[in-house]
Each structure stands twice: as structure tokens, then as C-alpha cells.
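Let us walk through this structure one step at a time. Keep the model open and turn it as you read.

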Amino acid sequence: IGKEGTQPTYFYEAAVNAGVKTGWASNAEVIELIPPDRLTLKYLFERHRDGYASHVRLQVREVGHLSLFIKLFPELVYRAVIVLFGPLVVAVTTGRYLAAYTRFCGKTAGIALGLLGYDSKPYTKITGS
């Protein structure tokens, strides 16, 4: 898979391309204990940043930087406005939308950084068991 093989998205893509059978079990029961490290705004931001950066990097591989930048430019302008004025909404609603705003900022950063070739290292620090 190469350098990008550290990304879960790339791993999944490579597995499917290699013919590995995958599936979805809609009635599967999963119990997960969420460690305190994952219950922070920092983690929420980084999780969305890294996930969307990975997604954008996949798109760059398919269509190229310039084509994707042109396609995403209007969305990035829109997102920049929301990032600038979002704190006002968070303040007026006494924090009700803080988590949503944090996710939005993470996604926005991920889109921009993905266009710049950002390569996150999501498993360099293990949280939980």
C-alpha cells in the first residue's frame, strides 16, 4: 500500500481492490467503552480533521489537486464564513452547538489540509484498550 497505508481508509480501499470480501451487519450488537481521552473537544476536532483529510486525499488521487480544489472552493469559502461566525452562535446558544461547531471546524480543516497533502497519523497514540 505504501506510505499512505497507515490510513484506515486507504487500508479498506486496498483490501477491497485486492478482492477481500467486506460486509455490513445492521443488527450486530457492539459494546464499546469510550476512554476519557476521546470525550474532549480536541479529540472531536482531530477525529473529524483526520477523517476528512484522508477522504480528500483519496479524491485527489482520483481527480487531481487542481480539479478538486476548483470543485471544493465554493464549499471552502462557505465553511470559512461559518468558522468565523460560528463562535457567535455558540455564545448566543450558551454552548448548545459547541460540539457541532467543533466537528464542523475539524471537517473544514480536514478538507483544506487534505488538499495540501496532510497525512495524519491516527494510531501513533493509542487510546482505550
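Start with two phenylalanines. Phe69 and Phe73 sit four residues apart in helix 3 (residues 65–92), so about one helical turn separates them. This is a predicted model. The ring centres of Phe69 and Phe73 are 5.6 Å apart, and the ring planes meet at 55 degrees. An angle over 60 degrees would count as edge-to-face and one under 30 as stacked, so a pair in between is tilted. Neither ring is hidden from the probe: Phe69 is partly exposed, at 39% relative accessible area, and Phe73 is partly exposed too, at 44%.

The structure holds two aromatic pairs. The other one joins Tyr78 and Phe104. Here the ring centres are 6.3 Å apart and the planes stand at 80 degrees, so the pair is edge-to-face. Tyr78 belongs to helix 3, while Phe104 belongs to helix 4 (residues 98–115). The pair therefore ties together parts that are 26 residues apart in sequence. Its two members differ in exposure. Tyr78 is partly exposed, with 49% relative accessibility. Phe104 is buried, with a relative accessible area of 17%. Phe104 has a further partner: Arg79 lies over the face of its ring, 4.2 Å from the ring centre.

Now step back to the whole chain. It has four helices and zero strands. Along the sequence, the pattern reads α-α-α-α. The protein chain has 129 residues, and 24% of them count as buried. It exposes about 9300 Å², of which carbon and sulfur atoms supply 64%. Consider the contacts with a separation of 6 or more: residues 24 or more positions apart account for 78% of them.

Where is the largest nonpolar core? It is made of seven residues: Val56, Val60, Leu68, Leu72, Leu76, Ile111 and Leu115. Helix 2 (41–63), helix 3 and helix 4 each give two or more residues to this core. Helix 3 gives the most, with three. Take Ile111 as a way in. Leaving aside neighbours within four places in sequence, Ile111 is in contact with Tyr52, Val56, Leu72, Glu75, Leu76 and Arg79. Arg79 has appeared before, over the face of Phe104.

Helix 4 deserves its own look. It has 18 residues. From its first C-alpha to its last it reaches 26 Å, close to the 26 Å expected at 1.5 Å a residue. Its buried residues are Tyr101, Thr102, Phe104, Cys105, Gly106, Thr108, Gly110, Ile111, Gly114 and Leu115. What covers these buried residues includes helix 2 and helix 3. Just after helix 4 comes Gly117, with a positive phi of about 90 degrees.

Finish in the loop between helix 3 and helix 4, where Thr94 is found. Its phi is near 50 degrees, a positive value in a residue other than glycine. Most residues other than glycine have a negative phi. Is Thr94 buried or exposed? Thr94 is exposed, with a relative accessible area of 74%.

Methods: Residues numbered from 1 in each chain as written. Predicted model: local features only at pLDDT ≥ 70, side-chain atom pairs only at ≥ 80, totals over all residues. Heavy atoms only, no water. Phe/Tyr/Trp six-rings, centres within 6.5 Å; stacked < 30°, edge-to-face > 60°. Buried < 20%, exposed > 50% of the residue type's maximum accessible area, 1.4 Å probe, protein only. Lys NZ or Arg CZ within 6 Å of the ring centre and 35° of its normal. Contact = heavy atoms within 4.5 Å. Areas by Shrake-Rupley, 256 points an atom, 1.4 Å probe, with all protein chains shown as cover. Core = buried A, V, L, I, M, F, W, Y, C linked by side-chain atoms within 4.5 Å. Expected span 1.5 Å × (residues − 1).
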